[in-house]
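Visitor: Please take me closely through one part of this model, the pairing of its strands, and then through what lies around it.

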Amino acid sequence: MRPGSGFAGVLSLWLLGCKQAQPDLEQQPLPAPVLAPGAARPSPSALEPRRVAPISSAAQATAREVQARKLQLAPVRLRQARLAFGDGVVGQLTATELVVRGGPEFEVVLRRSLEGPRALVSLADGSLLAAGARGLLVFAPSNKQVRTLARPVLLPGSSLLADAIRSDRVWVFDEGGGSATPASLSSLELDPSVQGILLPSQRLELEAAGSDVLGTTREGVWIHWSDRKAERFGPGGARLPALRLPDMPRLIWALPARRLDQCFLVDESGRLSRAIVSPSFRQLAGIQLSGQPLAADVGDEGRLVAVVVVAGAGPRFELQLFDSELSQLARVPLPAEAPTGLEDWVRVVTENQGVSVAARQPRVAVGGPARLLIFDALGKQVFSSISR
């Protein structure tokens with residue numbers, strides 16, 4: 001048999017032909033686009049990726065001026081706090097970590113990295129609980145120990161809240177998205193044996209629509225407010241008789257007062273008042289805040305009310321302090337960041353204007369991820385820290 005004859009010969013000739021016909025991909029030019037008859041060939045610039053023109057410095061300066069005069073900054077309705085007082089300590093969530101300070105000089109007692117910091121709350125026993133993207137950190141001031149727990153599901157529009165009685169339970173308030181997904185309140189047991197995702201032990205579907213305001217009393221009764229009705233739930237989740245509400249401005253916050261049957265209310269008109277919330281609703285005396293409310297908290301067992309307001313153009317911010325009878329204790333100007341001229345200017349100027357009041361001490365913290373200021377009940381600054 002001659003070389004190349006038979007099946008082997010045919011196969012070798014076929015492979016040789018494929019090898020000779022194979023183009024050199026690194027050297028072959030890309031084929032020109034096929035144009036329709038009479039169509040104009042596109043210019044080289046039309047084939048380049050679209051570039052976004054940068055904002056000119058003049059336009060950015062004009063935007064900063066407009067933003068500095070714009071005073072309608074939305075109040076922080078959902079309380080995803082970055083500051084919280086524990087038992088003899090104060091915690092701060094920066095952009096990357098949990099920082100805890102204590103002692104008379106507020107020296108650092110803990111610095112722990114936390115991926116995606118989301119919220120910081122004080123538990124019933126004075127421990128601090130920080131929520132991150134991958135889990136929870138619990139810091140116990142009594143022994144300075146840190147525990148890592150599974151993460152809860154915190155969707156956009158959700159708030160992490162401490163239980164008023166139990167230190168091994170927290171709650172998640174989800175404001176919902178209309179009739180299709182109603183607002184809900186879910187309890188989570190802080191079980192160290194759970195791995196992965198911390199699932200709710202119970203879920204309370206809220207009936208009152210049209211409000212994302214959830215308040216509580218000092219004894220732990222939850223109150224969900226709407227225009228004409230307030231749903232109530234006991235500390236363990238048992239449904240209580242609802243409250244009928246009169247015509248009143250829309251609420252921003254409902255905070256625990258010193259008396260167990262009362263709450264402090266802040267509404268959109270800028271009014272701070274007290275109200276009886278058990279067994280029926282009755283609004284008591286109140287005052288008008290000297291500015292647009294931005295953030296608020298109550299502590300010292302209901303004796304100290306703190307409100308951050310937008311005090312003027314710039315924008316300028318002010319801390320206002322009141323006692324349990326709403327007599328004013330102090331007004332303190334606060335440092336502020338300048339507007340950026342960009343779309344994120346609201347976040348920049350407001351993220352360090354959060355407020356937290358210690359549960360059992362006359363101490364107030366104002367700040368956020370980059371700043372921490374601590375005041376006493378009369379507005380005297382006792383500590384300052386800035387981190388960039």
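Guide: Strand 17 (residues 229-233) and strand 18 are antiparallel partners, joined over 4 bridges. Helices (H or I, at least four residues) and strands (E, at least two) are DSSP runs, numbered from the N terminus, and two strands are said to pair if DSSP finds at least two bridges between them. Within this pair, Lys229 has Arg244 of strand 18 as its bridge partner.

The model is predicted, so local features need pLDDT of at least 70 and side-chain atom pairs count only at pLDDT 80 or more, whereas totals for chains, interfaces and linings use all residues. Residues are numbered from 1 along each chain as its sequence is written, and side-chain values use heavy atoms, with hydrogens and water left out.

The pair belongs to an open sheet of 4 strands, ordered 15-16-17-18, with antiparallel pairing. Strand 15 (213-216) and strand 18 (239-244) are its edges, each pairing on one side only. From one strand to the next, the twist averages 25°, where axes are lines fitted to C-alpha atoms, for helices over the stretch in contact, and angles run from 0 to 180 degrees between N-to-C directions.

In general, strands of a sheet pair through backbone hydrogen bonds, either parallel or antiparallel. Further antiparallel pairing involves strand 28, which is joined to strand 27 by 4 bridges and to strand 29 by 5. Gly354 stands opposite Gly367 of strand 28, and Ala365 has Ile374 of strand 29 as its bridge partner. Both connections are hairpins: 5 residues lie between strand 27 and strand 28, and 3 residues link strand 28 to strand 29. Of the 5 residues in strand 28, 4 are buried; buried means under 20% relative accessible area, exposed over 50%, and partly exposed in between (1.4 Å probe, protein chains only).

Strand 28 also contributes to the largest nonpolar core, which has 22 residues. Such a core is a set of buried Ala, Val, Leu, Ile, Met, Phe, Trp, Tyr and Cys residues joined through side-chain atoms within 4.5 Å. Strand 24 (304-312) gives the most to this core, with 4 residues; other elements that supply at least two residues include helix 3 (345-350), strand 27 (354-357), strand 28 (363-367) and strand 29 (371-376). Among the residues with the most contacts inside the core are Val308, Leu319, Val355 and Val366. Val366 touches residues including Leu83, Leu334, Gly354, Leu372 and Phe375, not counting residues up to four places away in sequence; contact means heavy atoms within 4.5 Å. Apart from this core lies another, of 16 residues, among them Ala131, Leu136, Leu154 and Val172.

Several loops between strands have notable backbone geometry. The peptide bond from Gly314 to Pro315 is cis, with omega near -15°, and Pro315 lies in the loop between strand 24 and strand 25. Another cis bond runs from Ser278 to Pro279, with omega near 0°; Pro279 is placed in the loop between strand 21 (271-276) and strand 22 (282-288). Phe106, in the loop between strand 3 (97-102) and strand 4 (107-113), is not a glycine, yet its phi is positive, near 55°. Phe106 counts as buried because its relative accessibility is 12%. Lys144, likewise not a glycine, has a positive phi of about 60° and sits in the loop between strand 7 (136-140) and strand 8 (145-149).
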